[in-house]
Each structure stands twice: as C-alpha cells, then as structure tokens.
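The exercises below ask you to read a single chain from its overall fold down to individual residues. Work each task with the coordinates open before turning to its solution.

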Amino acid sequence: LHQNSLSGTIPSELSALTSTTVLWLSQNSLSGTIPSELTALTSMTELVLDTNVLSGTMPSELSALTSTT
C-alpha cells in the first residue's frame with residue numbers, strides 16, 4: 001500500500017492478517033501512533049512506515065523484525 005494516498009490512523013485490525021510477512025505503508029498521510037496490536041504479526045519480517053505523519057514511539061516488540069523503517 002506504498003504511495004496509495006492513505007490517510008487516517010493505522011487500523012489495529014491489520015493484526016488479523018497473521019500471514020503477513022511484509023507491510024509497506026510508506027509515503028502516505030497516515031497519522032497517530034503505531035498500534036501495539038501489530039506485534040501479533042509474528043510472521044512479519046519487514047515493516048515500512050516512512051514518510052507519514054506518525055507520532056509516539058514504535059512498540060518495542062516490533063524491534064524483533066528483520067527490517068523496520
């Protein structure tokens with residue numbers, strides 16, 4: 001969903017996508033915080049959120065990912 005003109009917050013419901021390995025949400029207009037529920041995506045190896053308007057800190061559990069930006 002890179003460069004897809006998304007706006008609003010990152011929905012915590014994304015945590016239901018348990019087979020997700022890569023999640024690219026970069027270069028959108030997403031705001032708010034990174035939902036802690038994303039830590040349920042234990043198959044995820046890469047999370048890309050750059051060039052958004054996010055606030056707060058990244059949940060520490062996401063630090064186990066292979067690649068985060």
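**Exercise 1. Establish the order of the secondary structure elements along the chain, and state how many helices and strands there are.**

Solution. Reading from the N terminus, the elements of this predicted model follow one another as β-β-β-β-β-β. The tally of secondary structure is accordingly zero helices and six strands.

**Exercise 2. Determine which strands form an open sheet, in what order they stand, and whether the pairing is parallel or antiparallel.**

Solution. Begin with the pair β1 and β3, where β3 covers residues 29-32: these strands are joined in the parallel sense by three bridges. Within this pairing, Thr9 has Ser31 of β3 as its bridge partner. Next take β3 and β5, which also run parallel and are connected by two bridges; here Gly32 has Leu54 of β5 as its bridge partner. Putting the two pairings together, the three strands make an open sheet in the order β1-β3-β5, with parallel pairing. Because β1 (7-9) and β5 (53-54) each have a single partner strand, they stand at the edges, and one side of each is left without a neighbour in the sheet. As background to this step, strands of a sheet pair through backbone hydrogen bonds, in either a parallel or an antiparallel manner.

**Exercise 3. Compare the radius of gyration of the chain with that of a compact globule, and describe its extent, burial and surface.**

Solution. For 69 residues, a compact globule would have a radius of gyration near 11 Å, and the chain, at 11 Å, agrees with that expectation. Along the principal axes, the C-alpha atoms occupy a box of roughly 25 × 20 × 20 Å. Turning to burial, 30% of the 69 residues count as buried, while the accessible surface amounts to about 4000 Å², with 51% of it belonging to carbon and sulfur atoms. Finally, if one considers the contacts between residues at least 6 apart in sequence, 38% of them join residues at least 24 apart.

**Exercise 4. Identify which residues have the most contacts inside the largest nonpolar core, and list the contacts of Leu38 beyond its neighbours within four places in sequence.**

Solution. The largest nonpolar core contains 13 residues, and those with the most contacts inside it are Ile10, Leu25, Leu38, Met44, Leu47 and Leu62. Taking Leu38 as the example, and setting aside its neighbours within four places in sequence, one finds it in contact with Ile10, Leu14, Ser15, Met44 and Leu62.

**Exercise 5. Decide whether Thr20 is buried or exposed, and describe the surroundings of its side chain.**

Solution. Thr20 is placed in the loop between β1 and β2 (22-24). Its relative accessibility is 16%, and because buried means under 20%, Thr20 counts as buried. A polar atom of the Thr20 side chain lies 2.8 Å from the backbone oxygen of Leu17. Beyond the neighbours within four places in sequence, Thr20 is in contact with Ser43 and Met44. Leu17 itself is also found in the loop between β1 and β2, but at 46% relative accessibility Leu17 counts as partly exposed. The C-alpha atoms of Leu17 and Gly32, 15 residues apart along the chain, are separated by 20 Å.

**Exercise 6. Classify the exposure of Leu1 and find which residues it contacts.**

Solution. Leu1 belongs to the segment before β1, and with a relative accessibility of 56% Leu1 counts as exposed. Once its neighbours within four places in sequence are set aside, Leu1 is in contact with Leu6, Trp24, Leu25, Ser26 and Asn28. The C-alpha atoms of Leu1 and Glu13, twelve residues apart along the chain, are separated by 15 Å.

**Exercise 7. Locate Gln27 and Thr51 in the chain, and give the phi value of each.**

Solution. Gln27 is in the loop between β2 and β3, and its phi is near 55°, a positive value in a residue other than glycine. With a relative accessible area of 34%, Gln27 is partly exposed. Thr51, which lies in the loop between β4 (46-48) and β5, has a positive phi of about 60° although it is not a glycine.

Note on methods:
Residues are numbered from 1 along each chain as its sequence is written. This is a predicted model: local features need pLDDT of at least 70, side-chain atom pairs count only at pLDDT 80 or more; totals for chains, interfaces and linings use all residues. Side-chain values use heavy atoms; hydrogens and water are left out. Two strands pair if DSSP finds at least two bridges between them. Helices (H or I, at least four residues) and strands (E, at least two) are DSSP runs, numbered from the N terminus. A nonpolar core is a set of buried Ala, Val, Leu, Ile, Met, Phe, Trp, Tyr and Cys residues joined through side-chain atoms within 4.5 Å. Buried means under 20% relative accessible area, exposed over 50%, partly exposed in between (1.4 Å probe, protein chains only). Contact means heavy atoms within 4.5 Å. A polar contact is a pair of N or O atoms within 3.5 Å; within protein, one must be able to donate a hydrogen and the other to accept it, and residues adjacent in sequence count only if both atoms are side-chain atoms. The radius of gyration is taken over C-alpha atoms; the globule rule is 2.2 Å times the number of residues to the power 0.38. Accessible areas come from the Shrake-Rupley method with a 1.4 Å probe; for residues, only the protein chains shown count as cover.
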